[in-house]
Number of protein chains: 2
Amino acid sequence: MTIKDARTPASSQDEQPIQGETSTEAGKSIGWHKAYVEGSRPDLRVPVRQVHLTNGQSVTLYDTSGPYTDPLTETDVRRGLTPLRENWIIARGDTAEYAGRPVRPEDDGIKHTSPRGGLRNLDAVFPGRPRQPRRSRDGKAVTQLAYARRGEITPEMEFVAIRENVSPEVVREEIAAGRAVLPANVNHPEIEPMIIGKRFLVKVNANIGNSAVTSSIEEEVEKMTWATRWGADTVMDLSTGRNIHTTREWVLRNSPVPIGTVPLYQALEKVDGRAEELTWEIYKDTVIEQAEQGVDYMTVHAGVRLPYVPLTANRKTGIVSRGGSIMAAWCLAHHKESFLYENFEELCEILATYDVTYSLGDGLRPGSIADANDEAQFAELRTLGELNQIAKRFNVQTMIEGPGHVPMHKIKENIDLQQEICDEAPFYTLGPLTTDVAPAYDHITSGIGAAMIAWWGTAMLCYVTPKEHLGLPNRDDVKTGVITYKIAAHAADLAKGHPGAQDWDDALSDARFEFRWEDQFNLALDPDTAREFHDETLPAEPAKTAHFCSMCGPKFCSMKISQDIRRTHGGSREEIEEGMAQKSQEFAAAGNRVYLPIAD
Amino acid sequence: MTIKDARTPASSQDEQPIQGETSTEAGKSIGWHKAYVEGSRPDLRVPVRQVHLTNGQSVTLYDTSGPYTDPLTETDVRRGLTPLRENWIIARGDTAEYAGRPVRPEDDGIKHTSPRGGLRNLDAVFPGRPRQPRRSRDGKAVTQLAYARRGEITPEMEFVAIRENVSPEVVREEIAAGRAVLPANVNHPEIEPMIIGKRFLVKVNANIGNSAVTSSIEEEVEKMTWATRWGADTVMDLSTGRNIHTTREWVLRNSPVPIGTVPLYQALEKVDGRAEELTWEIYKDTVIEQAEQGVDYMTVHAGVRLPYVPLTANRKTGIVSRGGSIMAAWCLAHHKESFLYENFEELCEILATYDVTYSLGDGLRPGSIADANDEAQFAELRTLGELNQIAKRFNVQTMIEGPGHVPMHKIKENIDLQQEICDEAPFYTLGPLTTDVAPAYDHITSGIGAAMIAWWGTAMLCYVTPKEHLGLPNRDDVKTGVITYKIAAHAADLAKGHPGAQDWDDALSDARFEFRWEDQFNLALDPDTAREFHDETLPAEPAKTAHFCSMCGPKFCSMKISQDIRRTHGGSREEIEEGMAQKSQEFAAAGNRVYLPIAD
């Protein structure tokens, strides 16, 4: 495999060098650019972020931002992204297009509204190329799990192998064993495949979605591209208000990452918010609607069983999961077992025909420190373990959702139990939040728990934004949530000793030690804010090449002294001990002052 | 002990009720107010933050904000705080005032400046009441450790016992065993005593300080009161530029919390930044200068020994501690053992006469993931263990500083080794930062490590602000750093099962579950931001009494459903199982819809 440089494409050698966000003034870093690692076939190109250092080296980082950061690819949100995977899917020959379910006004929650509906700024219907949904020809599983079990390495598997820097066989094995999922609906050919499993890099999901109260389609599409730009590996569209169908269409057609949903939310809109009026038929229809659109994974709260509902009665905060409480309300109203649990096998059959991945929801997750690891939570987890085994029988890829609010000393029990009960299926946790007392900072209360649980084996972390418990996240909140969770994920990659994870830290620390400020910024998880903070204290341009920083100022600098020590004492232990006294004299004689001769 | 209500003081019954930050409109919460818990004597009044809930209950929280949040106490930064402890210190009869060391212009780094010097806005010399320094009468130890070892429970110990809700005997025992410190210089009678030890609440330190590059005295005093307002338990004044002495005087006279310093920084200023020109005499003189002013604890980098310096030569980021690199430079320049190590016993004698607590600095702490837990770091730690034993011989209270940059899987080794080597002396760590790749977010990279290491036994956490590695923290950064670290500390208190710690979480979660929005805000670590975030999405006043929030909107609400479940199914397990089917019918019959009848 070779890295193809998006700056000098074969077909446009005379184009301008294309760069990231720093300027190209002479003598300065051009920052970073998008490049591609080619696989075994020309249409298998894995995107990477190539950071160019001022010392001539470069660092290759995992990239989730999609074609939006590639200036050689034209993108137009009204047309959607190029369907990368289309030929791979067609070539397998096991799926076919079909008419599909007709889209109805109530899919968008529209009943009494004018044709212009509640849609703002964008057309009601996605204007991109016409498409028909696709499903398996024979009703059998066309899932990456089915292929992996048969020993096939798909282009999707090769793609993620390159992305993760492992062999394709490792990818296949992990999927086949159910320890990893590769969410990739046959109706979402636009995605750049990624994998979720404990042997791979820890992933981050960002939630977006309008609600009954606020926000528009346009905002949601922008939040999706914004979230992936900062590193979101998947995006869940949790829209609950009007225009759910149309919002999702826009998001899917423009998303380079897998999209997850909670079909129950849309189903509830279709019965005007009356949980007791939900039926298996309405739910199933909604799942098919979303599967035809291309949703890659669906949260299904089939573990909220009738007998577990009373277990929540004496909790401090009851049921805090929206899906969990919808199902609890339904069970109570009818005094019947959950229709999701009862019809789970049929649901498996549907999901298998599109390769929709299960995300088995933890509807009874604890919503407060007091409720962590209680009977309700673990009763549901045991049911999820049972459902996981059923899903696997149908070749449906499956991950398991986890809490929630959990104090640090109770976190490990969650992942250990989940791994045991669910046969090592990927765990996908929301935080957990390690205290309840800091609304407005729950990205941090949960970032702590997220880093820990990921170190111990959680495969994907669902981000929490500063607005959790208080309101809907705006653009800044989405960014803060993603960055916080990328920190947690990377900290976990380091703690797990993931091969190559530390290279990034080392490159940044080298740059820091050598006062290569521009390199520090460009290697940072958030170059913009790092640069802005530096400039706040030392705004002048020379400060970015200065061999000191604002903490100590120019008169004295710790790093400078360490550089002197290295110059004076580097080498083997023997050399060091031998030469120490002598070199110390040289150090003094040479006037190697501990401060730099820059005017105060 | 009784709680004395600052709203209705005996002497001013007719005064207005005094409240926190929420308005007092009829029917609304008055938020919170400052109260005092009285001890065994009238001059022993422990401040608490009393939060008043709309359900008539109240919650008592630990309070570090000092008299500034007590509207019955007049404060004036030009006069300084009332010296609370003065009578306790005098009553012991073991100290006396003396003339003290004359203050010299070079203490403020002033050599060539006009009388107005670099001082802005505030007078050069602190204008408060004249005072003479105090020290022990006979040169013997007047430390809380000495008293504890003799079996004496001082008023300071009783104060912290009330604050921590433990018996005074526990406080005395922990101090006597060297497992806790109560930093309280006899020259800093203004402080409200606090304790640092693993059996107590985890504490947070905030660093302030001007530097050669930026910031004024006024700003530093304001940063100190600001940091304590948000929960800083101690403050370190790390000033390095001009006016060090005067800045410190202003900070000390106005600080309700113990103040720490690194005397080496000022000593370096006195030799114009030339580390090799430092001498034991200059250092000792600086320590006495600061002890006379009232510094409660001092970071001393006596563990950076000559033979350890070469161990840093092949590190990725060398020596990143400012104090560590000053001492390394000195050792190298002279090829001599550290003057701090060589004169450590004399230093102990000095500190004992003022009750200055040692914070034995980790000058060789790792500055990058690559350097964590290396030979240099642990060699120094072993020396700190040796110095801890010497300090204890002189009855000097001692804590040990810790790293730095450490990936999660290497954190536990740090605290375990420190506790073993240093005879369980309190560990005081900077983070640790769990990855290097997120400059501008190092409050978060380090908050993760801080929470974990505190859970495992670290007694105090030194905050890290978003500006770490990039610039000097401003007011907002100080607040963000303190709040992040209060989260880490409280998460650790919960994980350690600290008695009563969860009451706070429970009170907030109850308020959340019952939609008592104002109570949620008032109980939050940062009520202002929580309220602001809520109002961003749902600004109208009725939204603060509404039984829904912006996440789901009025049509459907998880919490509401849980409340229905509790109403329907609360009680013993038997009652629940018995009544379930019947109640389910009632539920449906009563039209208990899963959404609220609020207009969409």
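Okay, quick one to start: why are W280(A) and Y283(A) separated by about one helical turn? Because the two are three residues apart in helix α8 of chain A, the helix that covers residues 280–293. Keep in mind, everyone, that what we're looking at is a predicted model.

Let's stay with that pair. Across all chains the structure has 20 aromatic pairs, and W280(A) with Y283(A) is a stacked one, 6.2 Å from centre to centre with 25° between the planes. It counts as stacked because planes under 30 degrees apart go in that class. Both side chains are buried, too: W280(A) has a relative accessible area of 8%, and Y283(A) comes in at 1%.

Now swing over to W330(A) and F339(A). Those two also pair up, but edge-to-face, with 5.0 Å between the centres and 80° between the planes. Again we're looking at buried residues: 7% relative accessible area for W330(A) and 5% for F339(A). And here's the bit I like: W280(A), Y283(A), W330(A) and F339(A) join up into one aromatic cluster. So if you've got the viewer open, put those four on screen together.

Next, charges over rings. Which ring does K467(A) lie over? That would be F533(B), so this one goes from chain A to chain B, and the distance to the ring centre is 5.0 Å. Inside chain B, the charged end of R45(B) sits over the ring of Y36(B), 4.0 Å from the centre.

Cysteines, since somebody always asks. How many disulfides does the structure hold over all chains? Zero. Take C422(A): the nearest cysteine sulfur belongs to C348(A), and that's 14 Å away. A disulfide here needs the sulfurs within 2.5 Å, so that pair doesn't qualify. C422(A) is also buried, at 0% relative accessible area. Over in chain B, C331(B) is buried as well, with 0%.

Last thing, from the records. An unreviewed UniProt entry lists residues 33–95 of chain A as "domain: ThiC-associated". In the model, that stretch is 11% helix and 32% strand. The C-alpha atoms at its two ends are 37 Å apart.

Okay, to recap. There's a four-residue aromatic cluster in chain A, made of W280(A), Y283(A), W330(A) and F339(A). There's a lysine of chain A over a phenylalanine ring of chain B. And there are zero disulfides over all chains. That's me done, thanks.

Technical notes:
Residues numbered from 1 in each chain as written. Chains lettered and ligands numbered in written order. Predicted model: local features only at pLDDT ≥ 70, side-chain atom pairs only at ≥ 80, totals over all residues. Heavy atoms only, no water. UniProt positions renumbered as here; feature names shortened; annotations may be inferred. Helix = DSSP H or I, 4+ residues; strand = E, 2+ residues; numbered from the N terminus. Phe/Tyr/Trp six-rings, centres within 6.5 Å; stacked < 30°, edge-to-face > 60°. Buried < 20%, exposed > 50% of the residue type's maximum accessible area, 1.4 Å probe, protein only. Lys NZ or Arg CZ within 6 Å of the ring centre and 35° of its normal.
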